[in-house]
Amino acid sequence: MLVPHDEILCHQMATTFDHVGQSDLRWVERIVMYGFDISGDVNVMTGMARYPNRNVTDAYAMVTRKDGTAHVARMSTELQPESAGALGVYQIGPFTYEIEEPLRAVRVRLAPNESGISLDLRLRGRFDAYEQTPAFHRSRGRVLEDARRFYQNGVVEGFVSIGDERIEIDSRKWWFGRDHSWGVRHGGGGGSISEGPERQPTEIPDGVLYYMGIFEFDDQLVHFAQREDSAGRRTQFEGELLYPSDTQRAPGRLIDVEHDLTFRDDLRVVSGGSFSIIRDDRSRSRIEVKPLTDFWPGIAGYDDYRGYASGYWRGTDFIDSFTVNTLDIDEIRPASMLSETLCEVRMDGKVGHGLVEMVFLGAYPRYGYTGW
């Protein structure tokens, strides 16, 4: 079936844009935008996803305050017939995502709605968009993950409203980024939605540690991500150094990252410590991490939370909303597999801000964890 995007000259298969080249129900394309007031008073996560083999597209917005209160709105509708209007504009109920300038500027809006949450955020890249190292993993012959993504950090402007409170964005005091991923996903974000009770259970490793750091300083952006098994053996790595776009300076590469972290007593969430980055010229820098605030993608749809997860079919006009006390461990534990910690960071005498994303499960003796 023809859709608006069939107008553009970028087909790579002898078919239309209404479906992808495989039938895996986990295939998803996802947009995420996230950031925070560097005082730690408020943080925002919002985005959307499209599941072509489920005929589902959904979106969410989550605003978390320093006192731990998270305000969440989640929306879902059918993907076909195509709900987009102009090319590069996507709409799910009151949520709209618009590509204003490819690889440079995007805008997300949540119109006033029954949830009481609304926002209008425009993000313009201060750094060029950059690609993730491809993620491809199999288990007993089955593809667990075959996905790509790109990231970008930049300057955000706009506002967030919660009920009668309107929070104006001061671009000088906010850290903001985005990512865009596509392919077969494993884990949070709809990748592990049940495909039926007769499928063989996945293998359970002794332990896994995945972490990502995105740290922005005035003169550069440091990005790395690594996956390790319970013995600390690396199973995937990526690392980049980027410089503001207006400098036209070529990006650099990291070849390794070492970590020396501490964790909360109640959850495996980073509470401090440091990362040491090793550049391709073998020079080193130590990045000290001071957590300011956390947010939990699981409650917005990355996990099954209160009967809903991203990718679930919920009809053509689903919307729900709620508030959660994220300081209540019983509330957060069901959605705690993936944590996002927003931080102040220090490197080579410079102060910056950024994000530590983490999945930490099972045994990891170095940090004192002996099992699940």
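Which residues of the largest nonpolar core touch the most other members? Colleagues, the model before you is a predicted one, and I shall begin with that core. It comprises 35 residues, and those touching the most other members are Tyr34, Met62, Ile214, Ile299 and Leu355. There is also a second, separate core, made up of 28 residues, with Tyr90, Val106, Ile117 and Phe176 among them. As a general remark, nonpolar side chains tend to be buried together in soluble globular proteins.

Let us look at Leu355 in detail. Setting aside residues up to four places away in sequence, Leu355 touches Tyr34, Trp175, Phe295 and the run Met212, Gly213, Ile214 and Phe215, together with Glu340, Thr341 and Leu342.

I turn next to the strands. Eight of them form a closed barrel with antiparallel pairing, in the order E14-E15-E16-E17-E18-E19-E21-E22. From one strand to the next, the twist averages 30°. As an example of the pairing, E15, covering residues 221–229, and E16, covering residues 234–242, are joined in the antiparallel sense over eight bridges. Within this pair, Glu228 has Arg234 of E16 as its bridge partner.

Finally, consider Asp120, which lies in strand E8, residues 117–125. Is this residue buried or exposed? Asp120 has a relative accessible area of 16%; buried means under 20%, and therefore Asp120 counts as buried. Its side chain makes a polar contact of 2.6 Å with the side chain of Arg107. Beyond its neighbours within four places in sequence, Asp120 is in contact with Arg107, Val108 and Arg109, and also with Glu157, Gly158 and Phe159.

Thank you for your attention.

Terms used: Residues are numbered from 1 along each chain as its sequence is written. This is a predicted model: local features need pLDDT of at least 70, side-chain atom pairs count only at pLDDT 80 or more; totals for chains, interfaces and linings use all residues. Side-chain values use heavy atoms; hydrogens and water are left out. Two strands pair if DSSP finds at least two bridges between them. Helices (H or I, at least four residues) and strands (E, at least two) are DSSP runs, numbered from the N terminus. Axes are lines fitted to C-alpha atoms, for helices over the stretch in contact, and angles run from 0 to 180 degrees between N-to-C directions. A nonpolar core is a set of buried Ala, Val, Leu, Ile, Met, Phe, Trp, Tyr and Cys residues joined through side-chain atoms within 4.5 Å. Buried means under 20% relative accessible area, exposed over 50%, partly exposed in between (1.4 Å probe, protein chains only). Contact means heavy atoms within 4.5 Å. A polar contact is a pair of N or O atoms within 3.5 Å; within protein, one must be able to donate a hydrogen and the other to accept it, and residues adjacent in sequence count only if both atoms are side-chain atoms.
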